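Trainee: Could you take me through one part of this model up close? I'd like to look at the second largest pocket and what surrounds it.

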Amino acid sequence: MKVKILFGMLFLTGFLLTGCVKDEIYDGPPAFSNFQRNPQSPVVNQPVDLTVTVKSLKGIKSVTIYYKAGTQGNYLTTPMTASGSAYTGKLPGQAAGIEVSFYLLAESTTGKQATYPLNAPTSTLSLTVGAPIILMNEVFSRGKTTSHPGLDWIEIYNGSDVAVDISGYKIYDIGGQSGSRLKMPFPANTVIPAKGFYVIETDVGGDSGFGLSSGGEEVWLENDKGNIIDNFIFPATEETQSYGRKPDGSNTFKIFTQLTRGTSNNNATTLP
């Protein structure tokens, strides 16, 4: 009998300790994924729809948009609406030429907080009403393989009707986002013609070079002011495939069965 009681006490103690350890381990801050904004470059007085997935094992209490327009001193706030783990919200329309800086703040039911981008408000998302549309248009993450012995690359698209100088812009993956690596700058005097393309190779070595994960990941593009103007989430692909927008510059994404590096995606063959 004493042995049974002893084993029972040990089991109960282990169970309680395990439960406490799990609470300590898993009560982390909320996690963001699948952030999207539409349109990328709004016209005058056009609202911008924001969508994002936010998860926490302890549950989400709220997700809030913080934004300010132009030289406005303080951030204004607007709540996002939940549908499961998906949250939606709007940025109000603005006058021509106004730059809007914004970020997201999520709070779990236990009071843990997280921002998107990670180091907001030091670094924020940004859009300018009526500005040229500069986007990541196609990603190839299977460089240095048997089929493609070259490097990973990201194609940038200028969706506007004027040439745009992207000198000083930067591109990076989670390493640059978290600050564990330097962000990769575009070379000086990099100009993309109207409706044109520019391809930057990423796994070139050095402090700011980075390889794209063949299993998929998120990459970010920021302007010369240090504000994020586009994010791009790509999935795992085969050696002969890339992932991108079709039509060019749209919010419709496809897996391409042929690479269209530096050219339009509009006529590319895609998976069903």
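Mentor: Sure. Start with strand 1, since strand 1 gives the largest share of the lining of the second largest pocket, 4 residues. Keep in mind that this is a predicted model. Strand 1 has company in that lining: strand 8, helix 2 (174-178) and strand 17 (216-222) each bring at least two residues too. In total 14 residues line the second largest pocket, and the ones nearest its centre are Phe 32, Ser 33, Tyr 116, Glu 218 and Trp 220. Sort the lining by class and you get 9 nonpolar, 4 polar and 1 charged. The volume comes out at about 200 Å³.

Now follow strand 1 (31-38) away from the pocket. Strand 1 also supplies at least two residues of the largest nonpolar core, and so does strand 8 (113-116). That core has 25 residues, and Leu 50, Leu 91, Phe 102 and Leu 104 are the members touching the most others. Strand 3 is the top contributor there, with 5 residues. Zoom in on Phe 102: setting aside neighbours within four places in sequence, its contacts include Phe 35, Arg 37, Leu 50, Tyr 66 and Leu 91. Apart from this core lies another one of 21 residues, with Ile 166, Tyr 169, Leu 212 and Leu 221 among them.

For contrast, look at the largest pocket, with a volume of about 360 Å³. There the largest share of the lining, 3 residues, comes from strand 9, and the lining divides into 10 nonpolar, 5 polar and 3 charged residues.

Key. Residues numbered from 1 in each chain as written. Predicted model: local features only at pLDDT ≥ 70, side-chain atom pairs only at ≥ 80, totals over all residues. Heavy atoms only, no water. Core = buried A, V, L, I, M, F, W, Y, C linked by side-chain atoms within 4.5 Å. Buried < 20%, exposed > 50% of the residue type's maximum accessible area, 1.4 Å probe, protein only. Contact = heavy atoms within 4.5 Å. 1 Å grid on protein atoms, 1.4 Å probe; cavity = no way out; pocket = protein on both sides within 12 Å on 5 of 7 lines; lining within 4 Å. Points joined across faces, edges and corners; volume = space filled by probe spheres on them. Nonpolar A, V, L, I, M, F, W, Y, C, P; charged D, E, K, R; others polar.
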